[in-house]
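Okay, thanks everyone, I'll keep this short. Have a look at the screen, and then I'll walk you through what I found.

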Amino acid sequence: MRSLIFAIVVSVLGLPVVSIAAEEIVVYSARKEHLVKPLFDEFEKETGVTIKYITDKAGPLLQRLKAEGKRSPADLLITVDAGNLWHAANEGVLQPVKSELLDQKVPAHLRDPEDRWFGVTIRARTIVYNTDNVADGELTTYEDLASEKWKDRLCLRTSKKVYNQSLVAMMISRHGEEKAAEIVSGWVNNLALPPFSNDTKTIQAVQSGQCDVAIVNTYYFGRLEDKGESRGAALFWPNQETSGVHVNISGIGLTQHAPHKETAVRFIEWMVSDKAQSMLANMNFEYPVVASVETSELVKNWGTFKSDDINLSEAGRLQSQAVRLMDRAGYKYLIIKFGSRIRGPLFYEI
Ligand code: FE
């Protein structure tokens, strides 16, 4: 009763009641600490709400949420790639958030049609090319990278990475399975080297001329550029006459059993505020999801592009189909021949 009277007195005086309440929320983040902590600190500073968090990979966090069930202390899940967010929603660990603000600020194709996750940044998965070995006008589309002219000139990251699974899933969504399979087989035929374990190594292979073109996320190129280490490579925006560049998101969702639902929703909405969007845009060379917020100077220099606007939930819905398709195309496994002393081919997971 005393605290109620205190709250009334404080609110009559026009002081923020929120700041005296010991509010807190708990975040499970698959994004690394240095990419989320500054946002948590700023939100705490603005609202007085304490944010507790753990970071881990998306898979273990999802398992943890499932295992904890109703007893989970988590209010929010932060992760990258719509494929991961879709999976979390599909596993029942996220709940819908009805918010006019989020509907208005997050473009429809970058959020769950059932409102269980929302994009907060955009990353483009585009073409990077060797500036000496690729002629003007040679590059056109993702689909064209399957054509004969790129034989032994293409590099790709492993198909195990969700980024490529989402890219292929979106191609299935647009072209149908048969055509998508043709394209992926063409890519595999054109590989100059076995697939790489990460995007940075893939870009470096392009820079060194081991391959002429590759498909990577823009911020990896941005990180190299920021360190002055992008020499010999440049980004290209494909499919400008057709479907647009494949984009994906980092995003957030409210957990199914969030103990602090209202405050957690407030944080999601805060993530699309100008302040948070600007911080996000400057932290990792990504694009803010709110179009009116400026990108970083470095990103601005890459120019503008048309992006694919098919709803990203397709990346999740068609993910397992995409994985099977890549397996069939020989993208996931490479046969390494070690000579005649070893009987039969060895399958080496990459
Ligand atoms: Fe990444």
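I'll start with the overall picture, then take the metal site, one central strand, the disulfide and a loop residue.

So, first off, please keep in mind that this is a predicted model. The protein has 350 residues, and 52% of them count as buried. In terms of secondary structure, we've got 14 helices and 12 strands. If you take contacts between residues at least 6 apart in sequence, 75% of them join residues at least 24 apart. And for the surface people: the protein exposes about 16,500 Å², with carbon and sulfur atoms supplying 51% of that.

Right, the metal. Which residues coordinate the iron ion? There are tyrosines here: Tyr 163, Tyr 219 and Tyr 220, each through its OH, at 2.0 Å. Along the sequence, the donors follow the spacing Y-x55-Y-Y. How exposed or buried are the two neighbours in that pattern? Tyr 219 has a relative accessible area of 2%, so it counts as buried. Tyr 220 comes out at 11%, and that is buried as well, because the cut-off is under 20%.

Next up is strand β5, which covers residues 118-130. Of its 13 residues, 13 are buried, so the rest of the structure largely encloses this strand. What does β5 pair with? Let me go through the partners. With β9, residues 246-255, there are seven bridges, and the pairing is antiparallel. If you want a spot to click on, Gly 119 has Gly 251 of β9 as its bridge partner. Then there's β10, which is residues 287-288: that one runs antiparallel to β5 and is joined to it by two bridges. Here you'll find Thr 121 opposite Pro 288.

Further along the list comes β7, residues 213-217, with five bridges to β5, again antiparallel. Thr 126 is a handy marker, since its bridge partner in β7 is Val 216. And β8, residues 233-236, pairs with β5 in the antiparallel sense over four bridges. For that one, look at Asn 130, bridged to Ala 233.

Okay, cysteines. How many disulfides does the model have? The count is one, and it joins Cys 155 to Cys 211, with an S to S distance of 2.1 Å. This pair ties together distant parts of the chain, 56 residues apart: Cys 155 sits in strand β6, while Cys 211 is in the loop between α8 (199-207) and β7. The torsion about the S-S bond is about -105°, so we'd call this disulfide left-handed. For anyone thinking about access, Cys 155 is at 0% relative accessibility and counts as buried. Cys 211 is buried too, at 1%.

Last stop, Asp 144. Where is this residue? You'll find Asp 144 in the loop between β5 and β6, the latter being 154-155. Buried or exposed? Its relative accessible area is 18%, so Asp 144 lands on the buried side of the 20% cut-off. Its side chain makes a polar contact with the side chain of Thr 140, at 3.4 Å. Leaving out residues up to four places away in sequence, Asp 144 touches Glu 138, Lys 149 and Trp 150.

That's what I had, so over to you for questions.

Methods: Residues are numbered from 1 along each chain as its sequence is written. This is a predicted model: local features need pLDDT of at least 70, side-chain atom pairs count only at pLDDT 80 or more; totals for chains, interfaces and linings use all residues. Side-chain values use heavy atoms; hydrogens and water are left out. Donors are N, O and S atoms within 2.8 Å of the metal (3.2 Å for Na, K and Ca); water is not among the atoms, so sites may look incomplete. Buried means under 20% relative accessible area, exposed over 50%, partly exposed in between (1.4 Å probe, protein chains only). Two strands pair if DSSP finds at least two bridges between them. Contact means heavy atoms within 4.5 Å. Accessible areas come from the Shrake-Rupley method with a 1.4 Å probe; for residues, only the protein chains shown count as cover. A polar contact is a pair of N or O atoms within 3.5 Å; within protein, one must be able to donate a hydrogen and the other to accept it, and residues adjacent in sequence count only if both atoms are side-chain atoms. A disulfide is a pair of cysteine sulfur atoms within 2.5 Å.
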